[in-house]
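Reader: I am in my first year and still learning to read structures. Please take me through one part closely, then show me how its surroundings are built.

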Protein chains: 2
Amino acid sequence: MRYSQLFGKTTKSIPSDADSVNAKLLTQGGFIQKEISGVYNYLPLGLRVLTKIQNIVRQEMDKIGGQEILMPAMTSEDSWITTSRNGMEVLFHLKGQGDTNLVLNPTHEEVVTPLAQKYLFSYRDLPSAVYQIQNKFRNEARAKSGLLRGREFNMKDLYSFHTDEKDLDRYYEIVKKAYFEIYKRLGLGDITVLTFASGGAFSQFSHEFQTLNENGEDTIYLCKKCKIAINKEIIDTQKTCPECGNDKLETVKATEVGNIFKLRTKFSKAFNFYYLDKDGQKKIIEMGCYGFGPSRTMGTIVEICHDEKGIIWPESIAPYQIHLVGLDLHDDKIKSQVEKLYQDLLNKNIEVLFDDRIDVTAGVKFADADLIGIPTRLVISKRSLENGGIELKKRNEDKSEIISIDSLENTIYCIYG
Amino acid sequence: MRYSQLFGKTTKSIPSDADSVNAKLLTQGGFIQKEISGVYNYLPLGLRVLTKIQNIVRQEMDKIGGQEILMPAMTSEDSWITTSRNGMEVLFHLKGQGDTNLVLNPTHEEVVTPLAQKYLFSYRDLPSAVYQIQNKFRNEARAKSGLLRGREFNMKDLYSFHTDEKDLDRYYEIVKKAYFEIYKRLGLGDITVLTFASGGAFSQFSHEFQTLNENGEDTIYLCKKCKIAINKEIIDTQKTCPECGNDKLETVKATEVGNIFKLRTKFSKAFNFYYLDKDGQKKIIEMGCYGFGPSRTMGTIVEICHDEKGIIWPESIAPYQIHLVGLDLHDDKIKSQVEKLYQDLLNKNIEVLFDDRIDVTAGVKFADADLIGIPTRLVISKRSLENGGIELKKRNEDKSEIISIDSLENTIYCIYG
C-alpha cells in the first residue's frame, strides 16, 4: 500500500477521547476514529489489525472443533424475558414495526440456545460447539478507554453443548489451552495469566484471562510460581492459589482479555433444552461459553506494546510486515530503485506499507513509522545506497543495520519465515 | 467436514417463513434459520456461502482501488438530522445512556461523509474510495422473501470522493465494470443487466443491476440488443433504450442485485465537505455510492439456481467443492477406503463435505446432497468399487460416470483448476 494513497493518515492533534493510551495512539496513527462515545470506525490500518486478530482466534477455534456461525445483532425481547435477563441495564431496546419489542444482543446465549435446540436432539449430536465473530452492543453508562470498554464492540463467543458435566469439564480444559495458544500468537503469552473469578449461580469459578498491565483496570492476586491468579471479587473466599495452596500472592494490575464460563444448565433449563440419551431418557443439556474480544484485545495490546513515540505491534498482527520508507525521491534514479524494491516485495507476497511521499521530510516519515509501529522499517535513500544498500531497523530496537539489496530477501525470510 | 458432526442438518419440515423459494430451501438445507421476521442466523453451511460471496466482492473492490474500512452499526441521530433523513420510515431509533438519540444505520452516507472529511483535505488526497462489508438495518414494514428483504442484512457499500463531476463519471464507469465482473464470477453474468433507474434530485439516472428472474419483484423493460433495461419507475420519461434508441423493449421480471448512484454533492453539501484545489480554491467534493447486498444476492441465486430437489450452487460460492457420499459403511473395508479418500482430498486442500453417517439409507443421503446443492457429488460404495471406482455426478446433470480412484485427482483438477 502506498502511504500517499492510504485512507486515514497520522495526525499530531490529540483526539478528544484520549482518556487512554490506546485511544490516543490508535487515533493518531490512523487506525480508528471515534464515531460517538464507545463506538469506533476502523480505518484500513485498524481493520487489518482487527482482522488478523480475528483470524488467529478463528484458526484456534476451528482446531478445537468449533464451527463458525453468524447470529444477528437484533432479536426479540421475548428471548430475554425467557431467561429473566431483559432487565439488564446495558441492554439496548428498540421498537420494530407493529410495536414489537426488540433488543440488541450484548451476548448471544438467548439466541444460540434456542438455535442449537433446533439441531441437537440426541446424544449422537453431542458434544457440539459453535462460535461467532461479530459486533455486540452494551449501553454502557460510561464508555471509556478507547477500545477497552465500548458500546459497540467486536466479540468472539464460542458456545458448547454437552451430555453431562464431565464432558463439559473435559472440553473446558481444551478451550483453556486454545486460549493460551491465542495469547501466545498475539505476543501476550508470557504476561497473560489464568485468573479464578466468580462462577455465578451454577459453578464454583469462572476463569478470566488477565494480561498484566500496570495501567489495567482490574486488581488480581498472582501466584508467581503457578502463574495463576485470583480476581479481587473472590479473594475473600479464595485466599490461596487454587493450584499449589501458596498464600503469598502478589497484588498486580491487569486487563481482562478473555472470560470462560461453565453455564451448566442455566440457559438450557430456561429454554427446556433436553436431549435423548442412549437409553431413551430425556436429559438436560450442559453448556459452556467462552468469550474473547478482538477489539478489546487490540486496545490492550496497544496499552502494553508502545513507547513514547508510538505503537510497537507484535509481528503476528501488525497491519503490514514491512514499513518501506523512501527518501530522496526527487532523484529519479533513487525513486526507480525504491519503486523496484516495492514491487519486488509485493511480488514475494510480503505486506508492505510504502511511504512514497515526495514532499515530506525524513523526520516526519520516521516519526510516522514509529507512531504506526510496524515491526520492521526499511529505509532506502541516497545515503543508504552509498553505504551499500538498505537500512533495516526493528521498531523495538535502537540499532539499525545496512543490508545489501541482494540479501534483503533472505533477511526478510529469516524474520517472517 | 463430516456431515455427522455438522451443526445445522437438513430438515423435511417446511419452515414457517417459506414465503419464498430461498427461505424454504436455505432453511431446509441447513444454511439459515430465522430468528425473527427479516432477521436470520447463518449456520456453518450458510456462512461459508455468504463469506465466499463477500470475498469475491472484496477482491473486485480491492482491484479498483477501494480500501476496506469498518463503520459502526450505531450512530447519533444528529448526523441524520444534518442530512434531513432522520424521518426515514425504515430507521431504527434507540436511546443511549443519558437519553441520547441513536439510530441503526440502514446505509452509511451519514457516517462515511464526516469520516472522510477528517482525512481528505486537498486535491492531492483525491480521488479516494472506501468500502465496508457489514450488517445494516431497516425497519421494514413487511420483511419478506427470506434473504431478499431483511431487517438486518449484509451489505457491501463503496463510497468514492472526487474533485469534480468528470472524475466521478470516470470512476463510476470503472465500478460498473467491476460489478459485471462480480456477477460473472457469481454465475449470474449472462442474466444480469444494467438497468436505468431514477437518479434522485442530483443525477439524471442511477443504475441498478437486475438479474432476470421470472419470480422477481421488479418489472424492467429490456433492450435485448444492448442487454440494457429501464426500470418501471422511469419508463414514462425514458421510453427507449438509452444506448441504441430501440423502442421495442421487452417487459420482464427481475430481482435487483446491485445499485449504484452518483450522489454528486448531496452529502458533501450537508456536511460542508470541501477540499482545496491546486490553485488554493475551496471546492465542494463530488461523491458516488455503490451498493451490493451479499445476503440478498445469496437469496437471489437460490431463487434462480434450484430444481424441485434443491439448490444448485454455482461452483464459485458453493459451501464445499465436493459432496462425498460414503455408502455401505458397515463394511470395514469400504469404510477404510472412504476414510482414506476423504483424507486424501483434505490433504489436497479440496473442500469436502463428507456424508459419513452409518445408519442412514442411500436414498436419504442422495436427497440431502441434492437439497444442499454442492456442484460435484462423489459416491463410493460396494457397487461403485465393483464397477471400478467412484461415481461422479454433477448436481446440474443427470448422468453419472465411474472414475477410478487414481484418476480422481486429475478429474477434480480439471473441474477446479
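Author: Start with two helices of chain A in this predicted model. Helix H2 of chain A covers residues 44-63, and helix H7 of chain A covers residues 294-304. They pack at an angle of about 115°, and their axes lie 9 Å apart. Those two values are the usual way in: two packed helices are described by the angle between their axes and the distance between the axes. The crossing of H2(A) and H7(A) is right-handed.

Which residues of H2(A) and H7(A) meet? From H2(A) come A:Val49, A:Leu50, A:Ile53, A:Gln54 and A:Val57. From H7(A) come A:Pro294, A:Ser295, A:Thr297 and A:Met298. Sort this contact by class. Six of its residues are nonpolar, three are polar and none is charged.

Now step back along chain A from H7(A). Strand S16 of chain A spans residues 286-292. It pairs with S8(A) in the antiparallel sense, over seven bridges. Look for A:Ser160 in S8(A); it stands opposite A:Gly288 in S16(A).

S8(A) has another partner. Strand S7 of chain A, residues 128-137, pairs with S8(A) over 10 bridges, again in the antiparallel sense. Here A:Phe137 has A:Glu152 as its bridge partner in S8(A). What holds such pairs together? Strands of a sheet pair through backbone hydrogen bonds, either parallel or antiparallel.

Is S8(A) mostly covered or mostly open? Mostly covered: 11 of its 11 residues, 152-162, are buried. Its side chains can be followed in two sets. A:Glu152, A:Asn154, A:Lys156, A:Leu158, A:Ser160 and A:His162 point one way. A:Phe153, A:Met155, A:Asp157, A:Tyr159 and A:Phe161 point the other way. Both sets are buried.

Compare that with A:Asn259, which sits in strand S13 of chain A, residues 250-264. Why does A:Asn259 count as partly exposed? It has 19 other C-beta atoms within 10 Å, and a residue is buried only if 20 or more lie within that distance. Leaving aside residues up to four places away in sequence, A:Asn259 touches A:Ser206, A:Glu208 and A:Gly291. A:Gly291 falls within S16(A), residues 286-292. A:Asn259 and A:Val21 are 238 residues apart in sequence, and their C-alpha atoms are 23 Å apart in space.

Next, the stretch before S7(A). The peptide bond from A:Leu126 to A:Pro127 is cis, with omega near -5°. A:Pro127 lies in the loop between helix H4 (109-117) and S7 of chain A. Chain B has a cis bond too, joining B:Leu126 and B:Pro127, with omega about -5°. B:Pro127 is in the loop between helix H4 (109-117) and strand S7 (128-137) of chain B. Why point these out? Most residues other than glycine have a negative phi, and most peptide bonds are trans.

Phi gives further cases. B:Lys227 is not a glycine, yet its phi is positive, about 55°. It lies in the loop between strand S11 (218-223) and strand S12 (228-231) of chain B. B:Lys227 has 15 C-beta neighbours inside 10 Å, so it counts as partly exposed. B:Asn272 also has a positive phi, near 50°. Its loop runs between helix H6 (266-270) and strand S14 (274-276) of chain B. B:Asn272 has 12 C-beta neighbours inside 10 Å, so it counts as exposed. In chain A, A:Asn349 takes a positive phi of about 60° just after H8(A). Helix H8 of chain A has 16 residues, 332-347. It reaches 22 Å from its first C-alpha to its last, close to the 22 Å expected.

Finish with a sheet in chain B. It is open, has five strands in the order S20-S19-S21-S22-S23, and its pairing is mixed. Strand S20 (352-355) and strand S23 (400-403) of chain B stand at the edges. Each has a single partner strand, so one side of each is left without a neighbour in the sheet. Neighbouring strands of this sheet are turned by 25° against each other on average, direction ignored. Inside it, S21(B) and S22(B) pair in the antiparallel sense over four bridges. B:Thr376 has B:Lys394 as its bridge partner in S22(B).

Two helices lie across S19, S20 and S21 of chain B. Helix H8 of chain B, residues 332-347, runs at about 165° to S19(B). Helix H9 of chain B, residues 362-372, runs at about 175° to S19(B).

Definitions and conventions
Residues are numbered from 1 along each chain as its sequence is written. Chains are lettered from A and ligands numbered from 1 in the order in which they are written. This is a predicted model: local features need pLDDT of at least 70, side-chain atom pairs count only at pLDDT 80 or more; totals for chains, interfaces and linings use all residues. Axes are lines fitted to C-alpha atoms, for helices over the stretch in contact, and angles run from 0 to 180 degrees between N-to-C directions. A crossing is left-handed if the near helix is turned anticlockwise from the far one by less than a right angle, and right-handed if clockwise. Two residues are in contact if their C-beta atoms, placed from the backbone, lie within 7 Å. Ala, Val, Leu, Ile, Met, Phe, Trp, Tyr, Cys and Pro count as nonpolar, Asp, Glu, Lys and Arg as charged, and the others, Gly among them, as polar. Two strands pair if DSSP finds at least two bridges between them. The expected span of a helix is 1.5 Å times one less than its number of residues.
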